[in-house]
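Here are some short exercises to work through with the model open beside you. Try each task before you read its solution.

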Amino acid sequence: MYMKTNDYVKYLTVEWLNYMDQPKEIRKEHRKSHKGTRQPLLSQWFGVIPLSIGMLFKRK
């Protein structure tokens with residue numbers, strides 16, 4: 001389950017090289033599409049609590 005340090009460095013190097021081998025336009029497009037699917041920052045950090053507080057105040 002655990003990777004040795006050398007294996008982990010090798011894995012990160014391969015992943016980074018694969019990323020850098022892609023053309024710049026594809027990397028920008030991938031970053032842009034990934035930003036669109038990301039959750040809002042408050043729910044990512046605190047879960048459902050901000051949503052429930054917002055619903056509580058909207059009700060009044």
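**Exercise 1.** Find the helix that holds I53, and decide whether I53 is buried, partly exposed or exposed.

*Solution.* Start with the location: I53 sits in helix α4. Helices here are DSSP runs of H or I with at least four residues, strands are runs of E with at least two, and both are numbered from the N terminus. Next, take the relative accessible area of I53, which is 42%. Buried means under 20%, exposed over 50%, and partly exposed in between, with a 1.4 Å probe and protein chains only. I53 is therefore partly exposed.

A word on the model: it is predicted, so local features need pLDDT of at least 70 and side-chain atom pairs pLDDT 80 or more, while totals for chains, interfaces and linings use all residues. Residues are numbered from 1 along each chain as its sequence is written, and side-chain values use heavy atoms, leaving out hydrogens and water.

**Exercise 2.** Which residues form the nonpolar surface patch, and which helix gives the largest share?

*Solution.* First, the rule: patch residues have over 30% relative accessible area and no salt bridge, with nonpolar side chains (Val, Leu, Ile, Met, Phe, Trp, Tyr) joined within 5 Å and like charges within 9 Å. A salt bridge is a side-chain nitrogen of Lys or Arg within 4 Å of a carboxyl oxygen of Asp or Glu. The members are L41, L42, W45, F46, I49, I53 and F57, with about 830 Å² of accessible area together (Shrake-Rupley method, 1.4 Å probe; for residues, only the protein chains shown count as cover). Then sort by helix: α3 (41-46) and α4 (49-59) each supply at least two residues. The largest share, four residues, belongs to α3.

**Exercise 3.** Name the residues of the positive patch and place K32 in its helix.

*Solution.* The patch consists of K24, K28, R31, K32, K35 and R38. K32 belongs to helix α2, residues 24-37. With a relative accessible area of 67%, K32 is exposed.

**Exercise 4.** Is the whole chain spread out or compact?

*Solution.* Begin with the fold pattern, α-α-α-α along the sequence. The radius of gyration is 19 Å, well over the 10 Å that the globule rule gives for 60 residues, so the chain is more spread out than a compact globule. That radius is taken over C-alpha atoms, and the rule is 2.2 Å times the number of residues to the power 0.38. The C-alpha atoms fill a box of roughly 55 × 35 × 10 Å along the principal axes. Finally, 2% of the 60 residues count as buried.

Terms used. Lys and Arg count as positive and Asp and Glu as negative; His and the chain ends are not counted. The place of a charge is taken as NZ of Lys, CZ of Arg, CG of Asp or CD of Glu.
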